[in-house]
Amino acid sequence: MSKLRVLRRLLCRCVRSVPFFVVAGLALGWLVGALGIPRPYIATVDLSGVIEQEQGVDLQTTLSALRGNRNVKAVLLEVDSPGGLAVTTQQVYFDLLKLRREKPVVALIGAEGASGAYHIAVACNYIYAQQASQVGSIGAWVVLPEREELDEESITTGPFKATGGSRRDAVAELEMVRREFVSAVVQNRKDRLRLSEEELSRAEIYMGVEALEYGLIDEIGTRSDAIVKAAGLAGIRNYGVVKWYAGSARAGIPSIEALRARTGLMPTYYYLHFESE
Amino acid sequence: MKKRIAILLAGVLLVPLGRGLFYYGYGGFYAPPPVGPEVHKEVVTPLAPSVNPPGEYVAGGVEADGVSANYTEDEKAATLLVDLAHGNLLELGEISVLSAELALRGARVAFFEEDDLEDRLEEADGFIVVCPGDRFSSEELETVGEFVEHGGKLLLIGEPTRPSEIGRLALRFGLVFEPGYLYNLKENDVNYRNIFVRDFAQHEITQGVEGMVLYTAGSISPGESGIAFTDENTFSSVVETRAGLSPVAQSGDGRVLALHDLTFMTEPHNGILDNGVLVSNIARWLATPAEREEEEEEIGGEEEVEEGMEEEGEEEEQPEDQEDALA
């Protein structure tokens with residue numbers, strides 16, 4: 001009993017003492033801080049290889065998750081891709097614009113940020129590249145659909161049911177796809193751009209130093225530079241860096257023959273850079 | 001007690017504040033740039049300006065007797081020979097429009113596949129060579145050269161998308177089918193390779209042609225031989241010289257016509273702007289029979305020889321008659 005009484009007296013004295021309140025205040029403050037002000041992070045997202053439909057879906061899911069994650073204050077998009085399907089590229093591009101409304105996104109172009117990959121990169125607040133990075137190829141491809149072969153056993157209800165339109169329509173649609181790309185570059189790069197729309201439409205590939213000269217990128221820099229920039233735009237420090245999406249395995253760039261083989265009666269549009277054979 | 005509560009509250013407030021300063025400093029808040037997804041909602045569909053609006057019916061102009069309303073009785077029938085003997089990169093359907101125009105003028109279209117070229121050209125008024133995959137031999141080049149010299153007409157058609165041996169034949173007549181293709185990024189028919197041509201020299205081929213569209217065309221040198229010219233915004237993918245890019249040209253004597261595009265004369269491209277007029281003019285030019293003066297002289301000589309052979313005792317005079325006839 002006496003021990004309990006001693007303990008009770010000791011406790012009462014402690015609770016009434018100033019140091020106790022200091023410690024309690026600090027502890028409570030730490031708890032409130034940890035819950036209300038979590039450590040900020042910069043998430044890295046890989047965009048590598050040919051942009052196919054599957055990777056596009058993964059990227060869109062990632063970008064959507066990043067938008068909703070309050071701990072992620074900025075995003076680093078690491079680009080090393082020759083582009084891919086036009087429709088997938090456009091979907092990722094628009095999702096990136098939505099993400100950019102809420103938190104800064106910085107692009108870092110590695111060996112290649114061409115065509116569709118560059119289309120996506122222009123949605124970012126800031127673009128880094130290396131001196132020898134390949135940047136540009138602002139244009140689109142289409143493999144014109146095969147001519148429809150008439151078959152007595154298969155009948156359609158309209159002349160373009162099988163093909164979706166004439167070959168001439170496909171060329172006109174290709175022009176629309178091209179204009180969308182050029183428009184995206186002009187709208188996002190704005191005063192930084194030092195090329196006309198006509199010059200952009202030449203679809204040239206530029207080295208990193210040239211791309212900097214023409215305003216296609218913002219700076220020559222490394223990954224750490226890009227991370228520091230992202231942090232600066234977000235106004236954060238003592239942040240963590242977390243790999244959010246590792247990207248798909250880098251598949252080989254399909255040849256024109258392979259693209260032709262995929263094209264049936266319907267045309268498919270690509271923002272893709274590869275050497276002509 | 002108040003003091004202790006104040007200390008507690010200070011701890012609760014100051015620690016998060018310190019944490020905030022530790023992670024965010026005085027950097028301020030992120031201000032997103034103004035461009036968002038809604039900016040790109042309007043994308044103008046590029047309507048090809050040169051396509052006739054749907055629903056516009058163009059009469060065929062064929063009379064009940066099968067003769068075209070455009071066909072004039074003054075135009076005499078001619079025989080045109082189409083080369084198919086040199087691995088030509090051509091589908092016959094691609095010259096159906098030209099063939100139809102020739103048929104409307106009563107011209108006869110024949111195909112050269114395996115026979116002797118010299119024999120076939122003797123019966124022809126015009127020779128049409130499209131994208132030959134195989135080379136013309138030296139003898140054949142000579143034969144075609146003589147055919148033209150004797151009044152025959154030669155139509156040479158090349159295509160940048162179909163590398164061929166047309167250049168070797170064209171060079172015989174002082175024409176060069178340049179490598180590469182023509183393009184215009186400023187003004188085109190929905191693609192930079194579909195160029196407008198609006199500058200023409202005075203020539204029977206370009207009569208009534210105010211504008212045409214060519215589809216992945218090439219240029220032909222020298223510029224002085226040109227009868228259709230591109231504008232200052234049209235470039236060659238290979239040739240550095242911008243001046244005098246001519247996709248349609250003729251040789252000095254006017255008997256050789258060279259085109260560096262085939263697509264414009266195929267359906268539906270022949271319906272764009274005045275492409276059809278150009279095809280019609282080419283057909284008219286081809287369908288006009290050649291003035292084969294030397295052949296007529298040869299025929300006259302043979303008759304003289306035959307007459308001479310029928311009469312006895314005049315064999316010694318025959319050579320003189322022959323010489324007179326040939327003179």
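Colleague: Which helix gives the most to the lining of the largest cavity?

Modeller: That's helix H2 (residues 96–104) of chain B, with three residues. A helix here is a DSSP run of H or I with at least four residues, a strand is a run of E with at least two, and both are numbered from the N terminus. Bear in mind that this is a predicted model, where local features need pLDDT of at least 70 and side-chain atom pairs count only at 80 or more, while totals for chains, interfaces and linings use all residues, and side-chain values use heavy atoms, without hydrogens and water. As for names, residues count from 1 along each chain as its sequence is written, and chains are lettered from A and ligands numbered from 1 in the order written.

Colleague: Why is this called a cavity?

Modeller: Because, on a 1 Å grid over the protein atoms alone, a 1.4 Å probe fits at its points but cannot get out. A search of the whole structure finds one of 30 Å³ or more. The largest cavity holds about 30 Å³, a volume being the space filled by probe spheres set on points joined across faces, edges and corners.

Colleague: How do you know which residues line the largest cavity?

Modeller: Lining residues have an atom within 4 Å of a point. They are B:Val82, B:Ile95, B:Leu98, B:Ser99, B:Leu102, B:Val109 and B:Ile128. Six are nonpolar, one is polar and none is charged. Ala, Val, Leu, Ile, Met, Phe, Trp, Tyr, Cys and Pro count as nonpolar, Asp, Glu, Lys and Arg as charged, and the others, Gly among them, as polar, so B:Ser99 is the polar one.

Colleague: What makes the crossing of H2(A) and H1(B) right-handed?

Modeller: The crossing is called right-handed because the near helix is turned clockwise from the far one by less than a right angle; anticlockwise would be left-handed. The axes of H2 (residues 18–36) of chain A and H1 (residues 2–24) of chain B come within 7 Å and cross at roughly 35 degrees. Axes are lines fitted to C-alpha atoms over the stretch in contact, with angles from 0 to 180 degrees between N-to-C directions.

Colleague: Which residues meet there?

Modeller: Contact means heavy atoms within 4.5 Å. Residues including A:Phe21, A:Gly25 and A:Trp30 in H2(A) meet others in H1(B), among them B:Arg4, B:Gly11 and B:Arg19. That contact has 15 nonpolar, four polar and two charged residues.

Colleague: What makes the B:Ser221 to B:Pro222 bond cis?

Modeller: Its omega is about 0 degrees, and B:Pro222 is in the loop between strands S10 (220–221) and S11 (226–229) of chain B. The bond from B:Glu267 to B:Pro268 is also cis, with omega near -10 degrees.

Colleague: How confident is the predictor in chain B?

Modeller: Confidence in each residue is pLDDT, from 0 to 100. Chain B has a mean of 81, with 72% of its residues at 70 or more. Among its elements, helix H8 (residues 318–326) is lowest with a mean of 45, and strand S14 (residues 256–259) highest with 97. Residues 49–56 of chain B stay under 50. Where pLDDT is low, don't read the predicted coordinates in detail. Chain A has a mean of 88, with 91% of its residues at 70 or more.

Methods: On a 1 Å grid over the protein atoms alone, a cavity is a set of points where a 1.4 Å probe fits but cannot get out, and a pocket is an open set with protein on both sides within 12 Å along at least five of seven lines; lining residues have an atom within 4 Å of a point.
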